[in-house]
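Welcome! Please work through a few short exercises with the structure open beside you, and try each task before reading its solution.

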Amino acid sequence: MTPPTRTLPARTDPQPPLLAGSRAGLADVLARLDGAVDAAAKARRPLGPLPAGTPTEVLAAAAHALGPAELPAEGLGADAALGLLATVLVEHGIDLSHPRAAAHLQPPALSVAVAADVLASAGNASLDTYDSGPSALAVERWLIGALTGLAGLGERADGVLTPGGSLSNLMGLLLARDAAAHRRGIDARDQGVAALPGPVVFCSELAHFSTHRACAALGLGEAAVHPVPVDDRRRMRPDALRAALGALGPDRTPVAVVATAGTTDFGSVDPLPQIAEIAAGHGMWTHVDAAYGFGALFSDRLADRLAGLELADSITLDLHKIGWQPAAAGVLLVSDTTAFTALDRQVAYLNPVDDSEAGYDGLLGRSLQTTRRPDAVKAAATLLTYGRAGLGRMVDTCHDLARHAERRIQAEPELELVAPAELTTVLFRHRTADPAAADAFNAALRRHLLETGTALIGRTEAATDGPGTPKRVCLKFTLLNPTATTDDIDALVDAVLDAGRTCARLIKEDDAA
Ligand SMILES: *Cc1c(COP(=O)(O)O)cnc(C)c1O
């Protein structure tokens with residue numbers, strides 16, 4: 001079943017260090033890539049988006065191909081090493097460009113973004129100080145300018161790239177926490193939050209789990225999270241938020257409301273204008289988690305759904321979701337650059353005061369990281385390549401595919417639509433004769449697809465009969481391939497139906513045995 005253990009010859013000649021940064025170095029990178037691409041082309045690509053097999057089998061095959069987990073005494077040389085890894089990645093990995101890859105908010109990457117990322121890696125600039133790479137600073141400032149403009153934020157807006165939406169949410173809540181403490185006359189940066197009475201962070205009951213974890217990490221405690229119920233379109237109910245705020249005693253501190261613009265499962269967008277107005281009335285920070293939904297702004301058809309985004313104090317967005325970037329390309333935007341004071345530090349060997357005053361300053365003060373990759377380069381290359389209209393067409397294609405999937409699901413007697421396509425996801429269930437068996441059946445059906453590797457779809461739990469009803473296991477398509485067609489979606493639905501028949505037969509055989 002598995003290829004033999006690594007048979008590459010051990011080499012004894014020392015491998016000279018070849019550096020990527022110079023012009024000759026870049027040529028060497030290209031030559032190395034050429035070899036790796038050849039190896040990848042020769043590798044046996046799985047037929048579907050995932051390799052066939054159980055997780056134990058797939059991981060064992062990959063480990064077997066990699067060979068003993070030990071540092072070789074002498075190196076194998078770049079071509080052998082890259083050839084080996086390229087082969088392992090292709091033969092035992094994921095193919096997100098496959099039209100039946102539809103599980104997570106994990107898009108196929110655009111080639112221009114990957115090429116730009118290679119350039120950025122080759123230069124190895126960092127964003128923390130001026131002298132770790134001025135051009136990388138300029139590219140990030142350019143990108144932040146373009147994104148704050150797209151978001152409709154004003155003159156004082158600012159932002160920073162992050163390792164993803166989870167970290168953007170953490171940073172947004174950190175700024176909110178320090179602002180709330182400040183209003184109470186507490187310096188959270190020096191004193192911590194022990195002195196902050198009863199902090200509360202509101203979010204919809206469908207908010208991403210990273211909000212809860214951020215509250216724990218920030219010392220607010222997960223108990224600080226107050227989940228607000230949603231309406232029948234899975235949007236936070238402003239009346240419920242208002243009531244919850246009204247019920248807070250004087251011993252509680254409303255820190256922030258986290259509105260979601262594009263819930264991970266449903267793509268639903270909380271009513272941003274009403275939420276921002278309520279928050280402002282209580283002197284409370286509005287953070288919008290638009291990790292998924294921000295990309296709707298590229299589309300003329302969908303941009304309206306994010307109306308009110310410009311009222312946020314801070315915004316999370318992920319260009320490694322709608323944006324087609326290789327991870328990570330997370331961003332945190334703020335409406336007022338002074339909010340970043342909470343993160344600023346003066347370090348003798350990085351940004352001494354007189355250097356900063358003389359203009360030799362970097363972006364250390366906007367991040368929780370110090371060394372920071374120039375992830376803005378790939379995103380800037382993408383925005384320049386396609387423009388808003390080009391990206392908007394990709395968004396619209398994915399939205400069209402989701403709507404096609406929705407219609408197809410509705411037309412299949414075996415399937416039941418759970419949530420329509422708001423952005424690019426569709427939730428549904430496979431029906432079972434015995435409704436009590438449906439949860440286990442849908443879970444098994446998805447595992448069957450993963451094991452055969454024919455289709456990669458998501459699963460989640462959702463209240464299928466409206467707000468407040470019990471949560472049931474659902475299947476999910478997350479459609480982010482802008483080159484897929486409606487025929488591909490039909491094939492995806494067919495694969496689900498096929499898996500349903502197989503699972504039903506296996507269960508029958510089991511019962512008979
Ligand atoms: C994906 C997602 C996140 C987390 O982003 P990562 O980049 O995976 O850390 C946060 N919020 C929402 C709504 C998301 O969909």
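## Exercise 1: The largest pocket

In this predicted model, 30 residues line the largest pocket, and those nearest its centre are Ala40, Arg45, Leu89, Val90 and Val114.

**Task.** Find which elements give two or more residues to the lining of the largest pocket, and which class of residue the lining holds.

**Solution.**
- Step 1. Start with the elements: helix 1 (23-42), helix 3 (78-92) and helix 4 (111-123) each give two or more residues to this lining.
- Step 2. Look at the shares: helix 3 supplies the largest one, with seven residues.
- Step 3. Sort by class: the lining has 22 nonpolar, five polar and three charged residues.
- Step 4. Add the volume: this pocket holds about 1,000 Å³ of space.

## Exercise 2: The second largest pocket

**Task.** Work out which domains and elements contribute to the lining of the second largest pocket.

**Solution.**
- Step 1. Locate the pocket: 28 residues line it, and Leu206, Asp265, Phe266, Thr460 and Glu461 lie nearest its centre.
- Step 2. Name the elements: strand 11 and strand 12 are those that give two or more residues to the lining. The largest share, six residues, belongs to strand 11.
- Step 3. Recall the domain assignment, which gives domain 1 (23-93), domain 2 (116-384) and domain 3 (389-512). At least three lining residues come from each of domain 2 and domain 3.
- Step 4. Sort by class: here there are 10 nonpolar, nine polar and nine charged residues. The volume of this pocket is about 540 Å³.

## Exercise 3: The open sheet

**Task.** Trace the order of the five strands in the open sheet, then say which strands stand at the edges.

**Solution.**
- Step 1. Read across the sheet: the order is 1-11-12-10-9, with mixed pairing.
- Step 2. Check the ends: strand 1 (101-102) and strand 9 (415-419) each have a single partner strand, so one side of each has no neighbour in the sheet.
- Step 3. Follow one pair: strand 9 and strand 10 (residues 425-430) run antiparallel and are joined by four bridges. In this pair, alanine 419 faces leucine 427 of strand 10.
- Step 4. Add the helices: helix 12 (residues 376-411) packs on the sheet and touches strand 9, strand 10 and strand 12 (471-478), with its direction at about 20° to that of strand 10. Helix 14 (residues 486-512) lies across strand 1, strand 9, strand 10, strand 11 (456-463) and strand 12, and runs at about 140° to strand 12.

## Exercise 4: Cavities

**Task.** Count the cavities of 30 Å³ or more, and describe the lining of the largest and the second largest.

**Solution.**
- Step 1. The count is three cavities of 30 Å³ or more.
- Step 2. The largest has about 80 Å³ of space. Its lining includes Ile94, Leu96, His104, Gln106 and Leu456, and divides into eight nonpolar, four polar and no charged residues.
- Step 3. The second largest has about 40 Å³ of space. Among its lining residues are Pro99, Leu401, Ala484 and Ile489, and by class there are eight nonpolar, two polar and no charged residues.
- Step 4. Compare the two lists: Ala101, Ala102, Thr478, Leu480 and Asn481 appear in both linings.

Conventions. Residues numbered from 1 in each chain as written. Predicted model: local features only at pLDDT ≥ 70, side-chain atom pairs only at ≥ 80, totals over all residues. Heavy atoms only, no water. 1 Å grid on protein atoms, 1.4 Å probe; cavity = no way out; pocket = protein on both sides within 12 Å on 5 of 7 lines; lining within 4 Å. Points joined across faces, edges and corners; volume = space filled by probe spheres on them. Nonpolar A, V, L, I, M, F, W, Y, C, P; charged D, E, K, R; others polar. Pairing = 2+ DSSP bridges. Contact = heavy atoms within 4.5 Å. Axes fitted to C-alpha atoms, helices over the stretch in contact; angles between N-to-C directions. Domains from an automatic or database assignment.
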